[in-house]
Structures are given as structure tokens and as C-alpha cells.
Amino acid sequence: AGGAAGWCKRGWAVATAHYKEGGGKYPIDVSVGDGYNLAHALIQWVRRLPFIDRTRLHIDGGSQGGYMALAMSADSFPVTSTTADAPVVNWAYNLNYFEMNKPAMKWPQKDIKSSPLPILHAVTQLGDWAGEVFGKDLSAETWYRLSPISYLGRIASPVMIVCATGDMLVPMEQMTRTHLPSYDK
């Protein structure tokens with residue numbers, strides 16, 4: 001709702017998907033299954049509202065929501081524009097990043113607050129859950145197909161992606177082929 005407020009002040013009609021909390025059937029609700037289907041249903045519902053201009057749709061999201069913004073932009077047409085703040089664009093890279101940082105966050109600790117990296121610690125379990133469903137081999141084609149890098153050619157709208165070097169959940173290095181530092185133990 002906080003992100004929607006700015007759009008509402010500009011006179012936009014805004015619909016925000018609320019994804020269910022942990023414990024659902026799918027490990028990353030906004031990636032596949034229920035969350036993905038909810039986002040599709042929400043876009044279709046919004047477009048059917050009588051006061052909506054169906055030809056003008058902007059999709060916005062951050063982090064996993066940024067991933068979902070890219071996914072919905074690839075699967076919805078027409079989309080006027082898309083903004084994705086620190087989106088996951090490569091699940092294999094992102095989940096491997098979590099895996100490699102487990103020692104630094106003192107994984108697995110029961111008390112997240114005592115971890116040196118509590119926010120990263122809180123989302124790392126997503127990788128473990130996802131691995132149970134999709135397999136632990138991050139080089140498998142499944143991880144590529146779940147990632148926006150596999151369907152960039154289907155996004156027909158202008159896209160703005162914002163990322164930063166200090167994002168510990170969605171590192172910007174997943175978006176480049178150059179300047180990748182080696183792992184420093």
C-alpha cells in the first residue's frame with residue numbers, strides 16, 4: 001500500500017496484490033503457482049473495471065515484486081510501462097548468492113535477530129524451500145525458465161529497472177556479465 005500511495009496521488013487507479021504468508025503450497029508464492037496466478041487474475045480483474053482505460057497499464061514492484069512486475073509484463077498485453085526496483089532477474093544467481101552467504105549469516109540459527117545479516121537470513125529459507133520443489137541444481141534449465149532473463153524478448157513495454165550495489169537480497173551483479181568479483185572468503 002505504501003508504494004501505491006504515490007501513484008494514487010497522481011490520479012492512477014491502483015490494485016495491489018497481497019500474497020499469502022509462508023506455509024503455502026509453493027515456496028516462493030510470487031514466483032509460481034498461487035502467487036503467479038493471483039497476479040494474472042488481478043490484472044484481468046482490473047482491466048474489466050468500467051472506469052479503467054484497458055490500453056494503459058503500468059506494472060510496478062520491488063524485489064520479488066520487481067520480479068513479478070517483469071513476469072507480468074511478459075505475460076500481459078498491452079502494458080504501457082513497467083518499473084522494477086531491485087528485481088530478481090536470475091533465480092539461480094540469487095539463490096546461489098544466498099547459499100554462498102550462509103556462513104557469513106551464521107546459517108542456520110533459530111533466532112534471526114542474532115544473525116549478523118538478519119534480513120538476508122530471513123529470506124534464505126526461500127532457497128531451501130524452492131530447492132525442495134524445483135531441485136537443488138541451480139544450473140538446471142528450470143531455474144532459467146523461472147527467471148526474467150529467459151523471457152526478456154516477450155516484454156514489449158518500456159522498462160525501468162533500479163538496482164544498487166548495497167542490496168543484500170537482490171545483488172546487482174546478477175544483471176551484468178562484467179566486473180564480477182570472485183568470492184572473497
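## Lys 106 and its loop

At 47% relative accessibility, Lys 106 counts as partly exposed; that label covers the range between buried (under 20% relative accessible area) and exposed (over 50%), taken with a 1.4 Å probe on protein chains only. This is a predicted model, with local features needing pLDDT of at least 70 and side-chain atom pairs counting only at pLDDT 80 or more, while totals for chains, interfaces and linings use all residues. Residues are numbered from 1 along each chain as its sequence is written, and side-chain values use heavy atoms, leaving out hydrogens and water.

Back to the lysine: Lys 106 sits in the loop between helix 4 and helix 5. Helices (H or I, at least four residues) and strands (E, at least two) are DSSP runs, counted from the N terminus. The phi of Lys 106 is near 60 degrees, which is positive in a residue other than glycine. Pro 108, too, lies in the loop between helix 4 and helix 5, and the peptide bond leading into Pro 108 from Trp 107 is cis, with omega near -10 degrees. As background, most residues other than glycine have a negative phi, and most peptide bonds are trans.

## Overall layout

Walking from the N terminus, you meet the elements as α-α-β-α-β-α-α-α-β, for a tally of six helices and three strands. The protein has 185 residues, and 36% of them count as buried.

Contacts here mean heavy atoms within 4.5 Å. Take those between residues at least 6 apart in sequence: 59% of them join residues at least 24 apart.

## The sheet and helix 3

The three strands make an open, parallel sheet, ordered 1-2-3. Strand 1 (58-62) and strand 3 (159-162) are the edges, each pairing on one side only. Pairing takes at least two DSSP bridges between two strands, and strand 2 (residues 81-85) has four of them with strand 3, in the parallel sense. Across that pair, Ala 84 stands opposite Ile 161.

Neighbouring strands are turned by 5 degrees against each other on average, ignoring direction. Helix 3 (residues 64-75) packs on this sheet and touches strand 1, strand 2 and strand 3, with its direction at about 155 degrees to that of strand 1. Axes are lines fitted to C-alpha atoms, for helices over the stretch in contact, and the angles run from 0 to 180 degrees between N-to-C directions.

## The nonpolar core

Which residues touch the most other members of the largest nonpolar core? They are Ile 59, Tyr 67, Met 68, Ala 71, Met 72, Trp 91 and Trp 143, in a core of 30 residues. A nonpolar core is a set of buried Ala, Val, Leu, Ile, Met, Phe, Trp, Tyr and Cys residues joined through side-chain atoms within 4.5 Å. Helix 2 (34-48), helix 3, helix 4 (91-100) and helix 5 (118-134) each put in at least two residues, and helix 3 gives the most, with seven.

Trp 143 keeps plenty of company: leaving aside residues up to four places away in sequence, its contacts are Trp 91, Ala 92, Leu 95, Ala 130, Gly 131, Phe 134, Gly 135, Asp 137 and Leu 138.

## The largest pocket

The largest pocket holds about 990 Å³ of space. A pocket is an open set of points on a 1 Å grid over the protein atoms alone, with protein on both sides within 12 Å along at least five of seven lines; lining residues have an atom within 4 Å of a point. Points are joined across faces, edges and corners, and the volume is what probe spheres set on them fill.

The lining has 34 residues, and Val 14, Ala 15, His 58, Ile 59 and Asp 60 lie nearest the centre. Helix 1 (2-9), helix 2, strand 1 and helix 3 each supply at least two residues of that lining.

## Loop residues worth a click

Two serines lie in the loop between helix 6 (141-145) and strand 3, namely Ser 157 and Ser 147. Ser 157 is buried at 9% relative accessible area and touches Val 79, Thr 80, Ser 81 and Thr 82, residues up to four places away in sequence not counted. The C-alpha atoms of Ser 157 and Ala 74 are 8.8 Å apart, although 83 residues separate them along the chain. Ser 147 is buried too, at 0%; with the sequence neighbours up to four places away left out, Ser 147 touches Val 89, Asn 90, Trp 91 and Ala 92.

Ala 86, in the loop between strand 2 and helix 4, is not a glycine but has a positive phi of about 45 degrees. With a relative accessible area of 13%, Ala 86 is buried. Finally, Pro 78 lies in the loop between helix 3 and strand 2, and the Phe 77 to Pro 78 peptide bond is cis, with omega near -5 degrees.

Conventions
1 Å grid on protein atoms, 1.4 Å probe; cavity = no way out; pocket = protein on both sides within 12 Å on 5 of 7 lines; lining within 4 Å.
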